[in-house]
Amino acid sequence: MDKAKQLKFDKAYLRMAKEWGKLSHCQRKQVGAIIVKDRMIISDGYNGTPSGFENPCEDEDGLTKWYVLHAEANAILKVARSTQTCKDATLYITMSPCKDCSKLIHQAGIKRVVYLNAYKDNAGIDFLKRAGVEVEHFNDIAHQPI
């Protein structure tokens with residue numbers, strides 16, 4: 001796919017991930033993720049509590065509960081429960097992955113990560129680059145990647 005067309009698709013999938021993140025019940029951050037393979041969405045996810053748990057993500061002190069799943073982990077786990085595979089897929093996410101999720105991304109076989117906002121710690125991005133995963137950062141969906 002040529003660069004202009006890829007950029008158009010990247011922005012569209014990031015907009016979808018942003019919209020998906022709005023489904024999260026988390027107050028502090030609403031993060032959305034879309035996994036795309038061969039220009040087909042194979043999974044989606046947003047940050048939240050595990051299935052069967054109460055929806056609020058924060059405790060009475062406003063701190064995130066330890067068992068809240070990140071958006072990319074939810075999307076990868078959804079693929080794991082299906083007949084699909086993440087091998088050679090692209091992950092579109094509204095926030096760069098943490099170091100724990102970056103391990104899941106690499107092990108799942110995702111080859112490319114496109115993200116919108118930077119997480120407070122770059123360790124996850126550094127790990128992905130070291131693992132040979134292509135990483136692109138958009139600072140705004142309307143503009144070019146950084």
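In this predicted model, the sulfur of cysteine 101 lies 3.8 Å from the closest cysteine sulfur, which belongs to cysteine 98, and because a disulfide requires a pair of cysteine sulfur atoms within 2.5 Å, that separation is too far for a bond. The structure nevertheless holds one disulfide, and this bond joins cysteine 26 to cysteine 57.

**Cysteines without a bond**

- Cysteine 101, whose sulfur is too far from that of cysteine 98 for a bond, is buried, with a relative accessible area of 4%.
- For cysteine 86, the closest cysteine sulfur is the one in cysteine 101, at 13 Å, and this distance is likewise too far for a bond.
- Cysteine 86 also counts as buried, its relative accessibility being 4%.

**The disulfide and its geometry**

- Between cysteine 26 and cysteine 57 the S to S distance is 2.2 Å, which falls within the 2.5 Å that defines a disulfide.
- The link of cysteine 26 and cysteine 57 is left-handed, with -75° about the S-S bond.
- This pair connects distant parts of the chain, the two cysteines being 31 residues apart.
- Cysteine 26 sits in the loop between helix 1 (3–21) and strand 1 (32–37), whereas cysteine 57 sits in the loop between strand 2 (40–46) and helix 2 (71–80).

**Burial of the bonded cysteines**

- Cysteine 26 is buried, with a relative accessible area of 5%, a value under the 20% that marks the limit for buried residues.
- Cysteine 57, its partner in the disulfide, is buried as well, with a relative accessible area of 0%.

Conventions:
Residues are numbered from 1 along each chain as its sequence is written. This is a predicted model: local features need pLDDT of at least 70, side-chain atom pairs count only at pLDDT 80 or more; totals for chains, interfaces and linings use all residues. Side-chain values use heavy atoms; hydrogens and water are left out. Helices (H or I, at least four residues) and strands (E, at least two) are DSSP runs, numbered from the N terminus. Buried means under 20% relative accessible area, exposed over 50%, partly exposed in between (1.4 Å probe, protein chains only).
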